[in-house]
Amino acid sequence: MRKIKSTNYTNEQFLFQVCELNSAIAMISGRWKSQIVYSISQGNNRFHLIQKELPNISETVLARQLKELETHAILVKNEIPNTVPVGIEYVLTNKGLDLVPILESLCDWGKLYANGKEITSRSIS
């Protein structure tokens, strides 16, 4: 969290007002968030399953990223009934489900240029 009186906070709030894109990027920024969302969309909806899918993420970071995604209403945490200890599953909200094809498109865009697509420039008129 930024200090409310900081220049960074002021600039962030200005950018959020200029375009919703900045707000959207802030919601999914973080090294692991996009992979977590995609992993949940593929059925890895339990903490240990996400960890298995993303073995290099620490428990602390995974827990923090999940909490941030929950705060932004991209996912919800549900208790699984009749489990001891209480089991938790993560479910994408409609907001999270709407995000999945966008992440897939970004992935495709990244692959295209990582695989050597020629980069040219054009004037915007």
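Which residues in α6 are buried?

**View 1. The buried residues of helix α6 and what covers them**. In this predicted model, the buried residues in α6 are Gly96, Leu99, Val100 and Leu103, and the elements that cover the buried residues of α6 include α2 (20-28), α3 and β2 (87-92). An α-helix has 3.6 residues a turn, so residues three or four places apart point the same way.

**View 2. Packing of helix α3 against helix α6**. Helix α3 (residues 33-41) packs with helix α6 (residues 94-114) at an angle of about 110°, the two axes lying 10 Å apart, and the pair is therefore roughly perpendicular. The crossing in which α3 passes α6 is left-handed. On the α3 side the contact is made by Ser34, Val37, Tyr38 and Ser41, and on the α6 side by Gly96, Leu99, Val100, Leu103 and Glu104; sorted by class, this contact of α3 with α6 has five nonpolar, three polar and one charged residues.

**View 3. The span of helix α6 and the residue that follows**. For the 21 residues of α6, a rise of 1.5 Å a residue gives an expected span of 30 Å, and the end C-alpha atoms of α6, which are 31 Å apart, agree with that value. Gly116, just after α6, takes a positive phi of about 95°.

**View 4. The surroundings of Ile80 in strand β1**. Ile80, which lies in strand β1 (residues 75-80), is partly exposed, with a relative accessible area of 21%. When its neighbours within four places in sequence are left aside, Ile80 is in contact with Arg46, Gly87, Ile88 and Glu89. Between Ile80 and Asn115, which are 35 residues apart along the chain, the C-alpha atoms are separated by 42 Å.

How values were computed:
Residues numbered from 1 in each chain as written. Predicted model: local features only at pLDDT ≥ 70, side-chain atom pairs only at ≥ 80, totals over all residues. Heavy atoms only, no water. Axes fitted to C-alpha atoms, helices over the stretch in contact; angles between N-to-C directions. Helix = DSSP H or I, 4+ residues; strand = E, 2+ residues; numbered from the N terminus. Parallel < 35°, antiparallel > 145°, perpendicular 65-115°, else oblique. Left-handed = near helix turned anticlockwise from the far one by under 90°. Contact = heavy atoms within 4.5 Å. Nonpolar A, V, L, I, M, F, W, Y, C, P; charged D, E, K, R; others polar. Buried < 20%, exposed > 50% of the residue type's maximum accessible area, 1.4 Å probe, protein only. Expected span 1.5 Å × (residues − 1).
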